[in-house]
Amino acid sequence: MLPQPRAAHSSGNAERMKKDAAGEKLRRAGKTLHDDVGPLLAAAGLRLQLLRMDHPGTADQVDELLATLDDAMERVRALSRELSPSPVSPPARRRTRA
């Protein structure tokens with residue numbers, strides 16, 4: 001194997017460092033979504049459920065809000081998994097046609 005010119009080698013290192021830094025930013029964003037935003041959305045859902053129990057006349061409106069909130073929470077979970085996959089669960093595999 002021939003040695004690479006120093007400029008090409010350092011350029012490759014710089015690109016790898018940029019890619020690693022970008023990956024780390026995405027992992028941190030995923031962790032923030034999971035650890036900070038997710039619990040806030042869950043707390044909002046619990047408070048809406050309490051509101052519905054305390055004020056039964058608001059049940060229809062609260063149920064609509066809860067459905068919207070559930071959708072938002074699922075989207076946050078999906079994005080969090082995409083940005084920062086769990087180290088203990090393997091990534092989802094794509095199905096191949098037989």
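A helix here is a DSSP run of H or I covering at least four residues, with helices numbered from the N terminus. In this predicted model, the chain holds 2 helices and 0 strands. One residue, Ser80, sits in helix α2, which covers residues 59-83. The points below start with the chain, move to the helix and end with Ser80.

**The chain**
- The chain has 98 residues, and 13% of them count as buried.
- Its exposed area is about 8,700 Å², with carbon and sulfur atoms supplying 59% of that area.
- Taking contacts between residues at least 6 apart in sequence, 58% join residues at least 24 apart.

**Helix α2**
- Helix α2 is made of 25 residues.
- From its first C-alpha to its last, α2 reaches 35 Å, which is close to the 36 Å expected at 1.5 Å a residue.
- The buried residues in α2 are Val62, Leu66, Leu69, Met73, Val76, Ser80 and Leu83.

**Ser80**
- Is Ser80 buried or exposed? Ser80 counts as buried because its relative accessibility is 6%, and the cut-off for buried is under 20%.
- Which backbone oxygen does the side chain of Ser80 reach? The side chain reaches the backbone oxygen of Gly30, at 3.0 Å.
- With neighbours within four places in sequence left aside, Ser80 is in contact with Gly30, Leu33, His34 and Pro85.
- Gly30 is thus named twice: as one of the contacts of Ser80 and as the residue whose backbone oxygen the Ser80 side chain reaches.

Definitions and conventions:
Residues are numbered from 1 along each chain as its sequence is written. This is a predicted model: local features need pLDDT of at least 70, side-chain atom pairs count only at pLDDT 80 or more; totals for chains, interfaces and linings use all residues. Side-chain values use heavy atoms; hydrogens and water are left out. Buried means under 20% relative accessible area, exposed over 50%, partly exposed in between (1.4 Å probe, protein chains only). A polar contact is a pair of N or O atoms within 3.5 Å; within protein, one must be able to donate a hydrogen and the other to accept it, and residues adjacent in sequence count only if both atoms are side-chain atoms. Contact means heavy atoms within 4.5 Å. Accessible areas come from the Shrake-Rupley method with a 1.4 Å probe; for residues, only the protein chains shown count as cover. The expected span of a helix is 1.5 Å times one less than its number of residues.
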